[in-house]
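Here are my notes on the model, as numbered points. Please read them with the structure open.

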Amino acid sequence: MIQKTVKIKDTKHLVGSLPTIRYLDPEFVYIATNNARCPKAEVFIKEGDHVNTYQVIGIRHAAFFDQPIHATCSGTFVGLEKHYHRNGKLTDFIKIQNDHKDTYDPSIKERSPEEIAKLTKEEMTEIIKNCALVGLGGSSFPTYVKFQTDKPINLMLINGIECEPYITADHRIMLEYPYRIINGIKYAMQAFNCKKALICIKSKYEDIASTYEGILKEFPNSGIEICKVKNYYPQGWEVAMIKEATGIKLNPGELPSNRGIINFNVSTMVGIYKAIKYNMPVTKRNITVTGDGINHPHNFRVLVGTSFKDLLPMCGGYKNPDKEKIFILGGPMMGASVPSDDVIITKTVTSIIVLDKTDYKEEPCVRCGSCVLSCPAGLEPVQIMNAVKSLDKERIKALNPLRCIECGLCSYVCTSKIQVTDFVRRAKIFAKL
Ligand code: SF4
Ligand code: SF4
């Protein structure tokens, strides 16, 4: 069982104010064949083949959709290699040796504003599908599927809240690419014929607020505004964000589109902009590399497929090289641990957190109720844990574990240092049987 053994404190300040390091010309990139949503894949190229940046080099198959695989640099296909994926599993990656020419695939073309203005929702959906755009906040949900809703949308929420500790990659992307984000929002609003969009940020981020309030004056009557929300975790959870931004409380399991709302992560907006404007798939992303296990935490902009080992020297290496490390991909609360630093940055890796492993001792539950009080989904984690321990399937189902968003708070607050979230995850598996 994967366990996060370190209690979390807010350490965004480790990288918050540092500008992003652009590392966009690695010697090799490694493109994942499959992922958690797409367990099967086909590779279209053979060893020795030359590929162009953005070229389709394979396809992933999921239960209800296919997803093209794109090269993120030009160069030579070396072969398949196993590395750790964000899901913690060893996965085949397509290894490409960079020729450092960045030769574009012929499919890349710039659309004029007039061409874009004529695009229908169906045409934009097809472009986004061909670009294999997914939720870049970490959800990896195919963006084109969201575009296919037939519900009328009258409010778009752009999630720039980034509420997990440590991570500041979205904060930086908001400061560094405001025009791409605003244009991405405008294209999405055109697709949905939606007149209002709120860019949701934590109220403490004055730098983002002032940047956008200034730039949005250049887009009068766009319907786009900044919306400041509270500074607590998990404010970035869509249910909490919608409640805070609109006052609407979704019912358990209810889709936002049911209330005329659709939401996207800010990084996904950059992806929408590049897909619609240039036909470009996502080949670069911002990522936070941080944690008290490395010397110099940084934000990076990297090619999708970059190895974490390439970034480590720029972070000054490990702080205590002799100490065993924990590697968390994604935020410390909701991310997944991997057992090695042999990690590749895929489209949906928002951060790599390196922590020195510390031993801890679990104590028996003292029935303090802290986990119940802190659960944003209104569950009773301690009762779910007890039901899992006694393998009582009926009781497990009655406690609704499928409503758990795996925010990690029940483990975080547990007085007895019990990894309660792990029990709830197991309960979700039981509940689906
Ligand atoms: S991880 Fe724990 S606190 Fe968070 S939603 Fe699930 S049960 Fe509730
Ligand atoms: S927080 Fe921990 S000790 Fe307290 S009731 Fe929940 S499981 Fe038990």
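1. Start with the contact of α4 with α8. From α4, the residues involved are Asp170, Ile173 and Met174; from α8 they are Val266, Ser267 and Val270. By class, this contact has four nonpolar residues, one polar and one charged. Keep in mind that this is a predicted model.

2. Now the geometry of that pair. Helix α4 covers residues 169-176 and helix α8 covers residues 266-278. Their axes come within 9 Å and cross at roughly 45°. Angles from 35 to 65 degrees fall outside both the roughly parallel and the roughly perpendicular classes, so α4 and α8 are oblique to each other.

3. A second helix pair is α11 with α14. Helix α11 spans residues 381-389, and α14 spans 420-432. The two pack at an angle of about 60°, and their axes are 9 Å apart. α11 is therefore oblique to α14. The crossing of α11 and α14 is left-handed.

4. Which residues of α11 and α14 make the contact? On the α11 side they are Pro381, Val382, Ile384, Met385, Ala387 and Val388. On the α14 side they are Val420, Phe423, Val424, Arg426, Ala427 and Phe430. The contact of α11 with α14 divides into 11 nonpolar residues, no polar and one charged. Arg426 is the charged one.

5. Next, ligand 1. It is surrounded by 15 residues. The closest are Cys375, Cys404, Cys407, Leu409 and Cys410. By class, the shell around ligand 1 holds 11 nonpolar residues, three polar and one charged.

6. Which helices each supply at least two residues of the shell around ligand 1? They are α13 (409-413) and α14 (420-432). Helix α14 thus has two roles to check: it contributes to the ligand 1 shell, and it packs with α11.

7. Then the sheet. It is open and has four strands, in the order β2-β8-β7-β4. The pairing is antiparallel. At the edges are β2 (28-32) and β4 (50-51), each of which pairs on one side only.

8. Last, one edge of that sheet in detail. Strand β7 runs over residues 75-84. How many bridges join β4 and β7? There are two, and the pairing is in the antiparallel sense. For the register, look at histidine 50, which stands opposite threonine 76 in β7.

Definitions and conventions: Residues numbered from 1 in each chain as written. Chains lettered and ligands numbered in written order. Predicted model: local features only at pLDDT ≥ 70, side-chain atom pairs only at ≥ 80, totals over all residues. Near = placed C-beta within 6 Å. Axes fitted to C-alpha atoms, helices over the stretch in contact; angles between N-to-C directions. Parallel < 35°, antiparallel > 145°, perpendicular 65-115°, else oblique. Contact = placed C-beta atoms within 7 Å. Left-handed = near helix turned anticlockwise from the far one by under 90°. Pairing = 2+ DSSP bridges.
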